[in-house]
Amino acid sequence: SSCGSSDTVTTSVTVIASGIGNASEQQLQVYPNPINDAINIRGLSHTASYIILDMLGRAVLAGCLHSHDARINLAGLQAGTYFLVLEGQQARFLFKR
């Protein structure tokens with residue numbers, strides 16, 4: 001994992017649909033979708049880095065998640081559609097802000 005510090009990341013996100021992979025096998029939940037200010041991620045088994053990408057594939061936000069139930073604050077993002085990519089997960093999640 002590229003997450004070496006113990007900083008807490010808070011995020012809110014609304015997830016519209018799941019994309020690549022089968023997240024249900026991993027019991028990973030990403031909600032709500034659509035989001036207001038943050039996205040919730042439940043079911044992480046270890047510390048993981050994440051990247052939020054816009055529809056052009058540009059990274060607009062990145063960080064580390066350190067707990068089984070984590071939140072990513074998305075209040076600074078403009079309204080639009082984004083991808084959430086989690087390190088070590090065979091899933092990408094599409095959500096609207």
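Select R42 first: in this predicted model, its relative accessibility of 35% places R42 among the partly exposed residues. Keep R42 displayed and add D69, because the two form a salt bridge whose closest N and O atoms are 2.9 Å apart, and D69, at 44% relative accessibility, likewise counts as partly exposed. Colouring the strands helps here, since R42 belongs to β4 (residues 38-42) and D69 to β7 (residues 69-73), so that this contact ties together parts 27 residues apart in sequence.

The whole structure holds two salt bridges, and for another of them the selection to make is R58 with D54, whose side chains meet at 2.7 Å, N to O. D54 has a relative accessibility of 11% and therefore counts as buried, the cut-off being under 20%.

From D54, extend the selection to strand β5, residues 48-54, where six of the seven residues are buried and the strand is thus mostly covered. Now show β6 (residues 59-65), which runs antiparallel to β5 and is joined to it by six bridges; to check the register, pick A48, which stands opposite L65 in β6. Following the chain through the hairpin of β5 and β6, with its four residues between the strands, stop at G57, where phi is positive, near 85 degrees.

Finally, bring in β8, residues 81-86, which pairs with β5 in the antiparallel sense over five bridges. Here the residue to select is Y50, with L86 of β8 standing opposite. When inspecting such pairings, it is useful to recall that in a regular strand the side chains alternate between the two faces of the sheet.

Notes. Residues numbered from 1 in each chain as written. Predicted model: local features only at pLDDT ≥ 70, side-chain atom pairs only at ≥ 80, totals over all residues. Heavy atoms only, no water. Buried < 20%, exposed > 50% of the residue type's maximum accessible area, 1.4 Å probe, protein only. Helix = DSSP H or I, 4+ residues; strand = E, 2+ residues; numbered from the N terminus. Pairing = 2+ DSSP bridges. Salt bridge = Lys/Arg side-chain N within 4 Å of Asp/Glu carboxyl O.
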